[in-house]
Amino acid sequence: EAIWYLLHGRKLGIDISPSREKQYFRENLLPMRTAYSLLFLCWTFALSAQLSTTELPLMNEYRFNHQAASLGESRALVAGGWNQNEVLNSAEVYDQLLEIWDFTDPMSVPRTNFTMCDLDANYVIAAGGWDGATSNHASTEIYDYEDQMWMVGPDLSVGRSNLKSTKLLNGRVLFTGGYDGT
């Protein structure tokens, strides 16, 4: 009710002078915000008792705007990105049991601002992205963890960067949004 009043009050001709708005905020919204803040704090505290973070060893290559995907229970794949000098095609696998990063087969093209999605425990698809110079990729690549290599995948209908991917319940991957360069 309080939020509705502030959002729609002016449209309905209800007097919302600055002093009246401040009074309404103090009397109605501030207590509600405090209650939600306490609820969030309690929820966060409850989660923190179950979750923890651990500092990992540094990757072999500095990168940002990269992508990461899970390879089963104890491994993760990190690929592509930018290192302030160039767009990368390199990829690394983190092994949680050994606590090390190892380079693996590089992607066929450098990619930044791309998307990556788990297909299952042994396969990951990388799609789209920007080459760092002139074009957005329409290509996809599939990483096979058992063979530790990338394979050519089906092309997207349009080359684009900053797209998103979602694995659907039927196993297919939905690629959405992004920038096609126009």
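Strand E9 (residues 164-167) and strand E10 (residues 173-176) form an antiparallel pair with four bridges; pairing requires at least two DSSP bridges between the strands. Lys164 has Thr176 of E10 as its bridge partner. Five residues separate the strands of this hairpin, in which Gly171 adopts a positive phi near 95 degrees.

The model is predicted: local features need pLDDT of at least 70, side-chain atom pairs count only at pLDDT 80 or more, and totals for chains, interfaces and linings use all residues. Numbering starts from 1 along each chain as its sequence is written, and side-chain values use heavy atoms, with hydrogens and water left out.

**Overall architecture**

The protein contains two helices and ten strands, where helices (H or I, at least four residues) and strands (E, at least two) are DSSP runs numbered from the N terminus. In order from the N terminus, the elements are α-α-β-β-β-β-β-β-β-β-β-β. Of the 182 residues, 31% count as buried; buried denotes under 20% relative accessible area, exposed over 50%, and partly exposed the range in between (1.4 Å probe, protein chains only). Among contacts with a separation of 6 or more, 39% join residues 24 or more positions apart, a contact being heavy atoms within 4.5 Å.

**Surface and backbone features**

The accessible surface amounts to about 11900 Å², with 56% belonging to carbon and sulfur atoms; areas follow the Shrake-Rupley method with a 1.4 Å probe, and for residues only the protein chains shown count as cover. Ile100, located in strand E4 (residues 100-104), is partly exposed at a relative accessible area of 33%.

Two residues other than glycine have a positive phi, as tabulated below.

| Residue | Phi | Loop | Relative accessibility |
|---|---|---|---|
| Gln84 | about 80 degrees | between E2 (75-79) and E3 (91-95) | 56%, exposed |
| Gln148 | about 50 degrees | between E7 (140-144) and E8 | 44%, partly exposed |

**Confidence**

The mean pLDDT (the predictor's confidence in each residue, from 0 to 100) is 80, and 71% of residues reach 70 or more. Confidence is lowest in helix H1 (residues 2-8), with a mean of 43, and highest in strand E8 (residues 149-152), at 97. Residues 1-14 have pLDDT below 50, and this stretch makes 22 contacts beyond near neighbours in sequence in the model. Residues 29-48 also have pLDDT below 50, with ten such contacts. Where pLDDT is low, the predicted coordinates should not be read in detail.
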